[in-house]
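Thanks, everyone, for making the time. I would like to walk through one model this morning, going element by element, and I will put the sequence and the structure up before I begin.

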Amino acid sequence: MNATDALAAATQAASDGKLSETAVDNLRIWLTEDRYRDYRDQVISEIAEQKWQALDDAFWTVIPFGTGGRRGRMYPIGSNAINDRTIGESAQGLADYVVEFHQGQKDLSCVIAYDTRHKSRHFAELCAGIMVAAGFKVYFLDDYRATPQLSYAVRYKNCDCGIMVTASHNPPSDNAVKVYWSSGAQVLPPHDKAIIDRVMTCEEIRVAPFDEALADGRVEIITDEIDKAFLEVTRAEAFQGPRDVKILYTPLHGVGAEAVMPLLDADGFEGVEVYGPHEEKSGDFPNVPGHVSNPENKAVFDAPIEHGKSIGADLILATDPDCDRIGCAAPMTLDPAGPWRTFNGNEIGAILTQYVLSKRAEQGTLTANDYVVKTLVTTELIRRIAEGHGVRCVGDLLVGFKYIAEVIDREGPDQFVFGTEESHGYLVGQYCRDKDGAVACMLMCELAAELKSKQVTMHDYLCELQRKHGYHREMLINLFMEGSE
């Protein structure tokens, strides 16, 4: 079968109701345009095998390059899949825009990192080769590392942009790229729209061989350097207090242990155990329900809670695969063997807002000019708590932590106290411009130890906030709509 025959067969399949018309339109582009020549044989092969549903899922639309990057199911071909072509277009579009924005400046640089997902390292090397071919110096985190470390590294190395290869808490079938600007935040207007325009009109993808670029210094490995620096700046966000508490931590098969465990150790926590069944770094996420490592999902805590009861844990913490979000569970009473309950993202945000503000007040470092930030859909309890401490709350933001980052730079990082969103993302300090699961874990551990010393549960702490500021309750409904159907 040649390209002409394949296109005729696809057109007939659409007439028979086996393919959507838009899939045929995109298949025509991949079969006839020269920029897709490397994929043509596989497209023809799958049409010959009549893989209509797989082809429809892969071609029925063009996977969007959204305001933070591109995310979706991996498939070796297809305009609506994550593959070398769509990832390559994303990196090429970013490179082209940054070069244009800086008017051909020669000393441009980019940081690239990746998580434990399938093909993450491969996509990271591909992106590095593309950035190098565009004239960038690439700083490469050469091991599984957390998204907030990438955000920090962009700022630490004074880079013009950054790329994180991760699909966060999506299923094992997925992958993605998150794109960062020189601020360390995911790209904001007008840059996001300009990058999208270049991604969607990308013709040629230019790639330098990764090994050659590494050998001649155009790619530089900075893993150890960033690990040490990141630990130092996150440790600086700690508060003084008790450290006698038993913690069970699960990285949910992701990168979190490399960021969380050194930080908790540096902050003086000795009683921290990593939950063994979730310790393996695996893109299959084998030991979590449904193989989806999402700390928002209460079910991921079922097995850790049973283990936590057996070891007398006071708190269980979980980070998602790229360690930018956390979830937690705690005993309902002072007896760890009794009933437990998980906290949702709004509740964790309220608890941490109160903790950080109260500790800053104790230090005498809280002023009326200080502020906390939340998104529009995040609980108004955050605003009540902030006002109770006499500080501002900027709380009418669109969904996405990059908008919190924008406020930090607009309002001034020196007055920023805490940022939170209902989807379990939290940040203190000035060191990065994205949510950070490691520092959130540290703060939760500090609070757990302080409450334990006072014989107060985490749930009582939250209830007291609601008694003081009013009872708030929110509910999230997830709709899953997979594939072209």
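Let me start at the hairpin formed by strands E9 and E10, where 6 residues lie between the two strands and where Cys-323 takes a positive phi near 55 degrees. Please keep in mind throughout that this is a predicted model. Cys-323 belongs to the loop between E9 and E10, and its phi is a positive value in a residue other than glycine. As a general point, most residues other than glycine have a negative phi. Is Cys-323 buried or exposed? Its relative accessible area is 0%, and therefore Cys-323 counts as buried.

On either side of that loop, strand E9, residues 315-319, pairs with E10 in the antiparallel sense over 4 bridges, and one place to look is Ala-318, whose bridge partner in E10 is Gly-327. Moving to the next strand along, E10 also pairs with strand E11, residues 340-343, again in the antiparallel sense and over 4 bridges, with Thr-342 in E11 as the bridge partner of Ala-329.

Strand E10 itself, residues 326-331, is mostly covered, in that 6 of its 6 residues are buried. In a regular strand, side chains alternate between the two faces of the sheet. In E10, Ile-326, Cys-328 and Ala-330 point one way, while Gly-327, Ala-329 and Pro-331 point the other way, and all of them are buried.

While we are in this part of the chain, Arg-341 lies over the face of Phe-343, at 5.3 Å from the ring centre. A charge over a ring also turns up elsewhere, with the charged end of Lys-157 sitting over the ring of Tyr-139, 4.8 Å from its centre.

Let me now turn to helix H2, residues 21-32, which has 12 residues and reaches 17 Å from its first C-alpha to its last, close to the 16 Å expected at 1.5 Å a residue. Which residues of H2 are buried? They are Ala-23, Val-24, Asn-26, Leu-27, Trp-30 and Leu-31. These residues cover an arc of only 165 degrees around the axis, and so they fall on the same side of H2. On the other side of H2, Glu-21 and Thr-32 are exposed. As for what the buried residues of H2 pack against, the partners are helix H1 (3-15), helix H3 (40-48), helix H4 (52-59) and helix H5 (84-101).

One of those buried residues, Trp-30, brings me to the aromatic rings, for which a search of the whole structure finds 15 pairs. The rings of Trp-30 and Tyr-39 have their centres 5.4 Å apart and their planes at 55 degrees, so this pair is classed as tilted, and both Trp-30 and Tyr-39 are buried. The rings of Trp-30 and Phe-59 likewise have their centres 5.4 Å apart, but their planes are at 90 degrees, so that pair is edge-to-face. The pair of Trp-30 and Phe-59 links distant parts of the chain, with Trp-30 in helix H2 and Phe-59 in helix H4, 29 residues apart, and both of these residues are buried. Taken together, ring pairs link Trp-30, Tyr-36, Tyr-39 and Phe-59 into a cluster.

Tyr-36, a member of that cluster, also appears among the contacts of Glu-89, a residue found in helix H5. Leaving aside neighbours within four places in sequence, Glu-89 is in contact with Tyr-36, Arg-70, Val-199, Cys-202 and Ile-205. Glu-89 has a relative accessible area of 7%, and because the cut-off for buried is under 20%, Glu-89 counts as buried.

I will finish with two points of backbone geometry. Gln-50, in the loop between H3 and H4, has a phi near 55 degrees, which is a positive value in a residue other than glycine. Where Cys-323 is buried, at 0%, Gln-50 has 52% relative accessibility and therefore counts as exposed. The other point concerns the peptide bonds, most of which are trans as a general rule. Here a cis peptide bond joins Pro-189 and Pro-190, with omega at about 0 degrees, and Pro-190 has its place in the loop between strand E5 (174-181) and helix H8 (191-200).

How values were computed:
Residues are numbered from 1 along each chain as its sequence is written. This is a predicted model: local features need pLDDT of at least 70, side-chain atom pairs count only at pLDDT 80 or more; totals for chains, interfaces and linings use all residues. Side-chain values use heavy atoms; hydrogens and water are left out. The expected span of a helix is 1.5 Å times one less than its number of residues. Buried means under 20% relative accessible area, exposed over 50%, partly exposed in between (1.4 Å probe, protein chains only). The arc is that of the directions from the helix axis to the C-beta atoms. Contact means heavy atoms within 4.5 Å. Rings of Phe, Tyr and Trp (its six-membered ring) pair if their centres lie within 6.5 Å; planes under 30 degrees apart count as stacked, over 60 as edge-to-face and the rest as tilted. A charge sits over a ring if NZ of Lys or CZ of Arg is within 6 Å of the ring centre and within 35 degrees of the ring normal. Two strands pair if DSSP finds at least two bridges between them.
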